[in-house]
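Thanks for sharing this one. Here are a few notes to read alongside the structure.

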Amino acid sequence: MASVTGQAVRSVGKNADGTGRDSLLSRVRTMSGIEAAWVGAILDGEGCLVKDLREDRNYMRWTVGNTEPELISTLLRATGVGTVLSPKQKKSHHRPFFVWNVSRRNEVLDIARQCVPYSLKAQVAVAWWDHGI
């Protein structure tokens, strides 16, 4: 898996046709228990679960922002999916800030289901989806 450095925008998990369109099959790696626990801990500690509350939308997204490129690279390797936005650096004395996003519904839910035993946010994501909470 590519590392996250420099000004490049990295994208993982494109469809076979090269588009970012949602597919019916999840491309999320089956994580080991240790990997799922680590990802779950990062999601709870550093992550944000976004849900569109409009009735006509059914949208969720995982987002993790951090100044440590290795943390973001490890998320990419562990899950096998996501997009990393190029680093943002507002002031010269600030470290670059990387953002990992997963917005394909099936991938958001697959990550959540694998991390449920280890993550409160993953439990919320599954409850939102399964029970319409």
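1. Let me begin right after helix α2, where Gly80 adopts a positive phi of about 80 degrees. Please keep in mind that this is a predicted model.

2. Within α2 itself, which spans residues 69-79, the buried residues are Leu71, Ile72, Ser73, Leu75, Leu76, Ala78 and Thr79. As general background, an α-helix has 3.6 residues a turn, so residues three or four places apart point the same way.

3. How do the axes of α1 and α2 cross, and at what angle? The axis of α1 (residues 33-46) comes within 10 Å of the axis of α2, and the two cross at roughly 135 degrees. That angle is why α1 counts as oblique to α2; an angle would have to be over 145 degrees to count as roughly antiparallel. The crossing of the two helices is left-handed.

4. Which residues make the contact? From α1 come Glu35, Trp38, Val39 and Ile42, while α2 supplies Leu71, Thr74, Leu75, Ala78 and Thr79. Sorted by character, the residues of this contact are six nonpolar, two polar and one charged. Leu71, Leu75, Ala78 and Thr79 of the α2 side also appear among the buried residues of that helix.

5. A word on the cysteines. A disulfide is a covalent bond between the sulfur atoms of two cysteines. Searching the whole structure turns up zero disulfides. Is Cys115 buried or exposed? Cys115 has a relative accessible area of 0%, so Cys115 is buried. Cys48, at 37% relative accessibility, counts as partly exposed, because that class lies between the 20% and 50% cut-offs.

Key: Residues are numbered from 1 along each chain as its sequence is written. This is a predicted model: local features need pLDDT of at least 70, side-chain atom pairs count only at pLDDT 80 or more; totals for chains, interfaces and linings use all residues. Side-chain values use heavy atoms; hydrogens and water are left out. Axes are lines fitted to C-alpha atoms, for helices over the stretch in contact, and angles run from 0 to 180 degrees between N-to-C directions. Helices (H or I, at least four residues) and strands (E, at least two) are DSSP runs, numbered from the N terminus. Angles under 35 degrees count as roughly parallel, over 145 as roughly antiparallel, 65 to 115 as roughly perpendicular and the rest as oblique. A crossing is left-handed if the near helix is turned anticlockwise from the far one by less than a right angle, and right-handed if clockwise. Contact means heavy atoms within 4.5 Å. Ala, Val, Leu, Ile, Met, Phe, Trp, Tyr, Cys and Pro count as nonpolar, Asp, Glu, Lys and Arg as charged, and the others, Gly among them, as polar. Buried means under 20% relative accessible area, exposed over 50%, partly exposed in between (1.4 Å probe, protein chains only). A disulfide is a pair of cysteine sulfur atoms within 2.5 Å.
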